[in-house]
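Trainee: Could you walk me through this model, picking out what a bench person should look at?

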Amino acid sequence: MKKLEKNWLEWIVFVISLILVLFTLGYIVYDGATLGETPPNIELQLDRPQPQGDRFIVPVTATNRGDETAETVQIEVTLNNDGKEAETAEFEIAFLPRHSTRRGWVTFQTDPRTVEQIEARVLGFEKP
């Protein structure tokens with residue numbers, strides 16, 4: 001029985017595959033070894049309000065700067081006028097992984113461009 005030899009193309013594919021597998025394995029080991037234990041640190045950024053039909057939407061960007069994932073992140077956005085709360089809206093982000101960003105929108109009947117202050121805060125979150 002004659003032994004089949006691999007041609008040059010098979011060797012190239014083998015070497016490239018081996019490099020990819022070793023690189024992926026090395027990255028996973030490095031990421032696991034350098035993973036910190038900082039709890040979720042969620043920062044919120046409000047973007048420019050936009051009219052949408054008879055309502056107004058405000059885009060909200062949530063960034064988790066911590067080393068752990070946050071789940072069921074509850075966010076509240078409040079319109080304040082003359083020190084009084086004019087209107088409040090809430091939304092929830094189901095899953096906010098570590099070092100990631102998610103975007104959501106809240107809607108208001110009051111035009112946010114006419115109030116003195118728009119505030120956003122995280123009401124709470126869970127650890128998965």
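Mentor: Let's get one term straight: buried means under 20% relative accessible area, exposed means over 50%, and partly exposed is in between (1.4 Å probe, protein chains only). What you see is a predicted model, where local features need pLDDT of at least 70 and side-chain atom pairs count only at pLDDT 80 or more, while totals for chains, interfaces and linings use all residues. Residues are numbered from 1 along each chain as its sequence is written, and side-chain values use heavy atoms, with hydrogens and water left out.

Trainee: Is Asp 31 buried, partly exposed or exposed?

Mentor: The relative accessible area of Asp 31 is 22%. Because that value sits between the two cut-offs, Asp 31 counts as partly exposed.

Trainee: How many residues apart in sequence are the parts that Asp 31 and Arg 98 tie together?

Mentor: These two form a salt bridge (a Lys or Arg side-chain nitrogen within 4 Å of an Asp or Glu carboxyl oxygen), and the closest N and O atoms are 2.6 Å apart. Asp 31 lies in helix H1 and Arg 98 in the loop between E5 and E6, so the pair joins parts whose separation in sequence is 67 residues. Those labels are DSSP runs numbered from the N terminus: helices (H or I) have at least four residues and strands (E) at least two. To come back to your question, the answer is 67.

Trainee: Which residue does Arg 103 pair with in a salt bridge?

Mentor: The N to O distance in this one is 3.4 Å, and the partner of Arg 103 is Asp 47. Arg 103 belongs to strand E6, while the partner sits in the loop between strand E1 (42-46) and strand E2 (50-52), so parts 56 residues apart in sequence are tied together. Arg 103 is partly exposed at 46%, and at 22% so is its partner, Asp 47.

Trainee: In the salt bridge of Arg 113 and Asp 111, what is the N to O distance?

Mentor: Arg 113 is partly exposed at 48% relative accessible area, whereas Asp 111 counts as buried at 16%. Their side chains meet with N and O separated by 3.0 Å.

Trainee: And how many salt bridges are there by this rule?

Mentor: We've gone through a few, including Arg 98 with Asp 31 and Arg 103 with Asp 47. By this rule, the count is six.

Trainee: Which strand gives the largest share of the largest nonpolar core?

Mentor: A nonpolar core is a set of buried Ala, Val, Leu, Ile, Met, Phe, Trp, Tyr and Cys residues joined through side-chain atoms within 4.5 Å. The largest one here has 16 residues, and those with the most contacts inside it include Val 73, Ile 93 and Phe 108. At least two residues each come from strands E3 (55-64), E4 (70-81), E5 (84-96) and E6 (100-108). The largest share, five residues, is supplied by E4.

Trainee: Which residue has a side chain in polar contact with that of Thr 63?

Mentor: Thr 63 lies in strand E3 and is buried at 12%. Beyond its neighbours within four places in sequence, Thr 63 has contacts (heavy atoms within 4.5 Å) that include Asn 41, Glu 43 and Ser 100. A polar contact is a pair of N or O atoms within 3.5 Å; within protein, one must be able to donate a hydrogen and the other to accept it, and residues adjacent in sequence count only if both atoms are side-chain atoms. At 3.3 Å, the side-chain partner of Thr 63 is Thr 101.

Trainee: What distance goes with the polar contact between the side chains of Asp 67 and His 99?

Mentor: Asp 67 sits in the loop between E3 and E4 and is buried, with 16% relative accessible area. Setting aside neighbours within four places in sequence, Asp 67 touches Leu 35, Pro 39, Arg 98 and His 99, among others. The polar contact between the side chains of Asp 67 and His 99 comes out at 2.8 Å.

Trainee: How far apart in space, C-alpha to C-alpha, are Glu 85 and Tyr 30?

Mentor: Glu 85 is in strand E5 and is exposed at 58%. Past its neighbours within four places in sequence, Glu 85 is in contact with Thr 78, Leu 79 and Asn 80. Glu 85 and Tyr 30 are 55 residues apart in sequence, and their C-alpha atoms are separated by 48 Å.
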